[in-house]
Amino acid sequence: MRLDGKQVICLVDEEFEDLELWYPIYRAREEGAVVVLAGPEKGKTYYGKYGVPAVSDISFDEMDAIACDGLLVPGGWAPDKLRRYPKVLQLVRQMDEAGKPIGQICHAGWVLISAKILQGRKVTSTPGIRDDMENAGAEWIDEAVVVDNNIVSSRRPPDLPPYAKAFCDVLAKG
């Protein structure tokens, strides 16, 4: 239980990619981390692209970068919504400034782009947003997982096993 005592926030909104939300959550929980889902509204049920539900434990207003040790941002279409919330962008910037792990997969890179934390960073994502990542100043690498200090990025669902492991590895070091 190398993540015992660690707390992770996972962002959620409508049309998240089902596996990209749940796989890293379960992986972190298996290692002892407490993972809470943060959505626009506390206690609301959000549905993934394939209909899998996720109930938010807290609202964005309740998120606390100081109290948590890591952040997970799922892909799907949710990131296009998530990046429009000032509280989400504030949390991402605070987590990055503190050097705390930020996991992002697939389209989740949009949230990091909008938070303006990618300048000079090495990342990956779905190839569909490669130009967006590069235009934000990142060096885009076509690999299953790219770790640049505290940012752990991945491309798509087939990369979930190495992505979730890499996120937990970085979280364990913190």
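Here is a short walk through the structure, from an annotated domain to a pair of helices and then a pocket. Keep in mind that this is a predicted model.

Let's start with the record. An unreviewed UniProt entry carries the annotation "domain: DJ-1/PfpI", and that label covers residues 6–167. If you look at the two ends of residues 6–167, their C-alpha atoms lie 13 Å apart. Along the way, the span is 31% helix and 24% strand.

Next, find two helices: helix 1, made of residues 18–30, and helix 6, made of residues 160–173. Their axes come within 9 Å and cross at roughly 45 degrees. Angles from 35 to 65 degrees count as oblique, so helix 1 is oblique to helix 6. As for handedness, the crossing of helix 1 and helix 6 is right-handed.

Now for the pocket. The largest pocket has a volume of about 150 Å³. Which residues line the largest pocket? They are Lys6, Asp69, Gly99, Lys100, Pro101, Asn150, Val170, Leu171, Lys173 and Gly174. Sort that lining by character and you get four charged residues, three polar and three nonpolar.

Technical notes:
Residues numbered from 1 in each chain as written. Predicted model: local features only at pLDDT ≥ 70, side-chain atom pairs only at ≥ 80, totals over all residues. Heavy atoms only, no water. 1 Å grid on protein atoms, 1.4 Å probe; cavity = no way out; pocket = protein on both sides within 12 Å on 5 of 7 lines; lining within 4 Å. Points joined across faces, edges and corners; volume = space filled by probe spheres on them. Nonpolar A, V, L, I, M, F, W, Y, C, P; charged D, E, K, R; others polar. UniProt positions renumbered as here; feature names shortened; annotations may be inferred. Helix = DSSP H or I, 4+ residues; strand = E, 2+ residues; numbered from the N terminus. Axes fitted to C-alpha atoms, helices over the stretch in contact; angles between N-to-C directions. Parallel < 35°, antiparallel > 145°, perpendicular 65-115°, else oblique. Left-handed = near helix turned anticlockwise from the far one by under 90°.
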